[in-house]
Amino acid sequence: MHAMRFESVSKRFTMGHDRAKSFMDLMLRTLRPGSRAPREILWALKDVSFLIEPGEAVAIVGRNGSGKSTCLKLMNRILTPTEGALDIQGRVAGLLELGAGFHPELTGRENIYLNGALMGLSRREIDRRFDEIVAFAELERFVDAQVKFYSSGMTMRLGFSIAVCVSPDILLIDEALAVGDQSFQEKCLERIEQVRADGVTIIFVSHALETVRALCERVLWLDQGRLREDGSSDRIVDEYMASVHAHEEVLAE
Ligand SMILES: Nc1ncnc2c1ncn2[C@@H]1O[C@H](COP(=O)(O)OP(=O)(O)O)[C@@H](O)[C@H]1O
Ligand SMILES: [Mg+2]
């Protein structure tokens, strides 16, 4: 049985321009009712298909805006596809965009329980993992402070720690790791390696291509919402780097 399957998945966003941004905007609209800007439609993912086996470590690369985070949000069931079908097997935990999944008014402790519950853990199970989560995140002193007072690094540490400590079947990591300091980044990578050795499926979005090469055997390359390549990390990382460099040279001319 596969860990996840995307079948011709497309995701469309509508970019709303019709909310008044200021009082002047509002006035203008009242005076000129026909001046509403049209809504813009954007396909963040278009006809994306792939199959991932349990225990695979797969990276997703691509330029900004190519649909990587959208892909992870679909995997995490934060979003649903506009078209196509996807099938995800097992418990998914992840470190998505910074702060996603945290309630800023709640404390670190409350957020741990909230997130654990959302991932289907019982109170008991969370109790059992609580100390490990706090210790790994190095947040002992701040666990009873509201998350809105955390730095971005602290928020990231808590998110990562929860994700790896809830025994997921699939672990999603979006760029956010880059927020941590060098030593925490290394600690995270070591932990990801460990989780991987335990057979957890890993989906890793990163611009750190050498880390991608070291951590993942396979790479999906997204380009403007389409799956441009799907293959061994050595081959795809080289091709992707060549394409990025070619693009930079064009820009420099
Ligand atoms: N909630 C949203 N509403 C409207 N557009 C969105 C939304 N989320 C993402 N997009 C758009 O979808 C495209 C893909 O975004 P994203 O998946 O975040 O790309 P990446 O993570 O590769 O940088 C971008 O053009 C982005 O502006
Ligand atoms: Mg992103």
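## A walk from the α4/α5 contact to the ligand

Start by selecting R129, E132, I133, F136 and A137 in α4, then add R157, L158, S161, I162 and C165 in α5: these two sets of residues meet each other. Colour that selection by class and you get six nonpolar, one polar and three charged residues. Keep in mind throughout that you're looking at a predicted model.

Now show the two helices in full. Helix α4 is residues 123-137 and helix α5 is residues 152-165. How close do their axes come, and at what angle do they cross? They come within 8 Å, with a crossing of roughly 140°. Anything over 145 degrees would count as roughly antiparallel, so this pair is classed as oblique. Rotate the view along the pair and check the handedness: α4 passes α5 in a right-handed crossing.

Stay on α4 and bring in its other partner, helix α3, residues 108-118. Select I112, Y113 and G116 in α3 together with I126, F130 and I133 in α4, which they meet. What classes turn up in this contact? Five nonpolar residues and one polar, with no charged ones. Notice I133 in your selection: it belongs to the α4 set facing α3, and I133 is also in the α4 set facing α5. The axes of α3 and α4 come within 11 Å and cross at roughly 130°, so these helices are oblique to each other too. This crossing is right-handed.

Next, zoom out and colour by domain. Domain 1 takes in 4-90 + 169-252, and domain 2 covers 103-165. Put a marker at each domain's C-alpha centre and the distance between them should read 25 Å. The contact takes ten residues from domain 1 and eight residues from domain 2. Which helix gives the most to the domain 1 side? Pick α6, residues 182-197, which supplies four residues there. By class, the domain 1 side of the contact divides into seven nonpolar, one polar and two charged residues.

Last stop: ligand 1. Select F13, M15, L42, A44, G62, N64, G65, S66, G67, K68, S69 and T70 to see the residues around it. Turn on the cartoon and look for β1 (4-15), β2 (40-52) and α2 (68-75), the elements that each give two or more residues to this shell. Which of them has the largest share? That's α2, with three residues. Finish by colouring the shell by class: four residues are nonpolar, seven are polar and one is charged.

Notes
Residues are numbered from 1 along each chain as its sequence is written. Chains are lettered from A and ligands numbered from 1 in the order in which they are written. This is a predicted model: local features need pLDDT of at least 70, side-chain atom pairs count only at pLDDT 80 or more; totals for chains, interfaces and linings use all residues. A residue is near a molecule or strand if its C-beta atom, placed from the backbone, lies within 6 Å of it. Ala, Val, Leu, Ile, Met, Phe, Trp, Tyr, Cys and Pro count as nonpolar, Asp, Glu, Lys and Arg as charged, and the others, Gly among them, as polar. Axes are lines fitted to C-alpha atoms, for helices over the stretch in contact, and angles run from 0 to 180 degrees between N-to-C directions. Angles under 35 degrees count as roughly parallel, over 145 as roughly antiparallel, 65 to 115 as roughly perpendicular and the rest as oblique. A crossing is left-handed if the near helix is turned anticlockwise from the far one by less than a right angle, and right-handed if clockwise. Two residues are in contact if their C-beta atoms, placed from the backbone, lie within 7 Å. Domain bounds come from an automatic or database domain assignment.
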